[in-house]
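Please open the structure in your viewer, with the sequence panel beside it, and keep a selection tool at hand. The stops below are meant to be taken in order, with each selection made before its description is read.

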Amino acid sequence: MAISLLIAILAMTLFGPVLSKYDVAKQNAADRLLLPSKTHIMGTDRFGRDIFVRLLQGGRITISSAVTALILAVCIGIILGMIMGAYENKIIDIVLLRVMDVLLAFPFIVLAMLVVTFIGTGMKNLVLCIVIVYWIPFARVTRKIVCTEKQSVLYEAELLLGKRPWKIIVQAILPKIIQIVLVQSTFELASIILSLSALSFLGLGIKPPSPEWGSMLSDGRAHFLMYPHLIAGPGLAVVILVFTINLLGEGLRDYFDPYQKVELID
Amino acid sequence: MIKKVVGKTISSIITIILASMIVFGVVRFIPGDPVKIIIGSVGELSSKDSDLYNQKVNSLREEYKLDEPVVIQYVAWAKRAVSLDFGKSMKTRRDVKDELAERLPATVMLSVAGIIIEFVLGLIIGMLSAAYYDKLLDKILRLICVVLISIPGFVVGLMSIYYFGVINKVYSISVGSTAGKLWLPAMVLGLVGAPKIARYIRANILEELGKGYIVAEIARGYPKWKIVKNAFANSIPIIITYLLYSFTTLIGGAVVIENVFSWPGLGAYALESVLNHDYPAIQAYVCITVLMIVVINYINELIEIFESCRR
């Protein structure tokens, strides 16, 4: 069920803006702040733009930047995690652990504010913020798996057969890592989308003219007491997307290991 | 044990020092002359060639030791930071320390109320969920938790403002932080955090329920609620650790909620400072949150060490 919902959302965001007769950015003063009706399914915003079309367009931006951030974070996390696991208790491991500790000492939003202070607002910078924080859980899990697997008989046997440690890690341990990280990454994706929209809502993300769910919400704030549909649409969109991804994660977790709990670091 | 405690102490201190270096570095290496950034666009100093301007630049250069190596600059900054002197806000020209102190009570009020609600809700849901493990109630509660986790805090906040403020008119929508207005933001903060605590408590009680002494209690014919109560009592230390940990996540969440409710706390102040490029204020806020988090984590680690030694 979760998968079909997700496919539906993706298809809508991909094809929706192309098929619609309304323009994303064109302002139309006559149709300002219309309530939901047949012509505008979710009504219009304060510039007379159709909210539904903007939602679909915004979905593209939100989803694509969240997925980009996730892929980068997973790659960095797995690679650094494997390095840390391979050189357990060596200098590089200790240094990276220390880096993690320091980064974890900042609450995510505070770190994001710091990064924005340094390099300015914008979607690319937000993705960077997210990558800086979200590689940590992946690296931790990977490191833990490598460290445990190194104790196993299989590893010792391969070592005795004269294989290089790195080869064993990539050939034998990496598949296990990917399986666990896959489940973890769905939950992290949900949390990334939440963080992204929260940051854009606070005004740290992309600037209003281009549609993004968080910034649409903060844009609608000025008038929402009179026109609640301004926040109902984008709010609902975030909730549905994140809920779907979370369901998918629960499903994947049950599928891959029905008995064991995957450790998640929030 | 003492060795472990000392180790943790040292590593916490190192973390604080490294984090403060980042905080210092971010502002120090912003492109542009730091002195000109600090002076900013203050009225009387706007003409850049005036004697007054040059005088001010030179005196600030002296004060921040900008002609010395970066390390010495950092040490000078850190020395002042330790005595909570983060300089003057670039926007209001007042001491950042005073501004933060003004905002602190609102934030403390909100987070304490929020965490109490969060914890009570999480406890009830988690205990019920564990007691009725795999029954209908458990499944419903778990679904509710997934739904709650999927809703961003600011959406809950905006919806609740609309519902309680516009439809029911029981919440007055205005700027300010009076105790009478506390209940709504605190409730939202609690609602957003509760599912995570509920899940955690459920998992821990279930783990505890799998242990041998529980089997013995079942064999003795104890009533169900008593068994769950005993299992809960034994997982209290872990739950306290988590409670402290959730304070750290609350700091981030509070930034958003304070913004939604126009609650004049530290989080809202920090956001304003970021949007105004008010560097001393940002430095001060980040330093204080980092310090709080490191201290909380340190306490948590101490609890863990004591627990592991007791067993």
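The tour goes from the single chains to the place where they meet, and then to a few chosen residues.

**Stop 1: the two chains**

Before selecting anything, bear in mind that this is a predicted model. Select chain A and show it as a cartoon: nine helices and zero strands make up its secondary structure, so to speak a run of α elements from one end of the sequence to the other. Of the 266 residues in chain A, 53% count as buried, and the chain exposes about 12600 Å², of which carbon and sulfur atoms supply 68%. If you look at contacts in chain A between residues at least 6 apart in sequence, 72% of them join residues at least 24 apart.

Now select chain B, which has 13 helices and zero strands. Here 46% of the 311 residues count as buried, while the exposed area comes to about 15800 Å², with 66% of it supplied by carbon and sulfur atoms. Among the contacts in chain B with a separation of 6 or more, residues 24 or more positions apart account for 72%.

**Stop 2: where the chains meet**

Show both chains together and select the residues of each that touch the other: 35 residues of chain A are in contact with 48 residues of chain B. The size of an interface is often given as the accessible area lost when the parts come together. For chain A and chain B that buried area is about 3800 Å², with 78% of it on carbon and sulfur atoms. How many salt bridges are there between chain A and chain B? The count is zero, although three residue pairs in polar contact are found across the interface, both residues of each pair being at pLDDT 80 or more.

On the side of chain A that touches chain B, the elements giving two or more residues are α3 (91–104), α4 (108–119), α7 (165–201) and α9 (229–256) of chain A. Colour α9(A) separately, since α9(A) gives the most to this side, with eight residues. Sorted by class, the side of chain A that touches chain B holds 25 nonpolar, five polar and five charged residues.

**Stop 3: a covered helix in chain A**

Select residues 213–220 of chain A, which form helix α8, and show their side chains; this helix is mostly covered, with seven of its eight residues buried. The buried ones are A:W213, A:G214, A:S215, A:M216, A:L217, A:D219 and A:G220. To see what covers them, add α2 (51–86), α7 and α9 of chain A, and then α7 (153–167) of chain B, which are included in that cover.

**Stop 4: a salt bridge in chain A**

The structure holds seven salt bridges over all chains. For one of them, select A:E149 and A:K176, whose side chains meet at 3.1 Å, N to O. The pair links distant parts of the chain, with A:E149 in helix α5 (residues 123–150) and A:K176 in helix α7 of chain A, 27 residues apart. A:K176 counts as partly exposed, at 40% relative accessibility.

**Stop 5: a salt-bridge network in chain B**

Move to chain B and select B:D138 together with B:R142, whose side chains meet in a salt bridge at 3.8 Å, N to O. Both residues belong to helix α6 (residues 136–150) of chain B, and because they are four residues apart in that helix, about one helical turn separates them. Is B:D138 buried or exposed? B:D138 is buried, with a relative accessible area of 0%, whereas B:R142 is partly exposed, at 33%.

Add B:R202 to the selection: B:R202 also forms a salt bridge with B:D138, the closest N and O atoms being 3.1 Å apart. B:R202 lies in helix α8 (residues 183–209) of chain B and B:D138 in helix α6, so this pair ties together parts that are 64 residues apart in sequence. At 10% relative accessibility, B:R202 counts as buried. Through shared partners, the salt bridges join B:D138, B:R142 and B:R202 into one network.

**Stop 6: a buried loop residue**

Finish by selecting B:S235, placed in the loop between α10 (224–234) and α11 (236–260) of chain B. B:S235 counts as buried because its relative accessibility is 0%. Leaving aside residues up to four places away in sequence, B:S235 touches B:N204, B:I205 and B:E208.

Methods
Residues are numbered from 1 along each chain as its sequence is written. Chains are lettered from A and ligands numbered from 1 in the order in which they are written. This is a predicted model: local features need pLDDT of at least 70, side-chain atom pairs count only at pLDDT 80 or more; totals for chains, interfaces and linings use all residues. Side-chain values use heavy atoms; hydrogens and water are left out. Contact means heavy atoms within 4.5 Å. Buried area is the accessible area (1.4 Å probe) that two parts lose on being put together, summed over both. A salt bridge is a side-chain nitrogen of Lys or Arg within 4 Å of a carboxyl oxygen of Asp or Glu. A polar contact is a pair of N or O atoms within 3.5 Å; within protein, one must be able to donate a hydrogen and the other to accept it, and residues adjacent in sequence count only if both atoms are side-chain atoms. Ala, Val, Leu, Ile, Met, Phe, Trp, Tyr, Cys and Pro count as nonpolar, Asp, Glu, Lys and Arg as charged, and the others, Gly among them, as polar. Buried means under 20% relative accessible area, exposed over 50%, partly exposed in between (1.4 Å probe, protein chains only). Accessible areas come from the Shrake-Rupley method with a 1.4 Å probe; for residues, only the protein chains shown count as cover.
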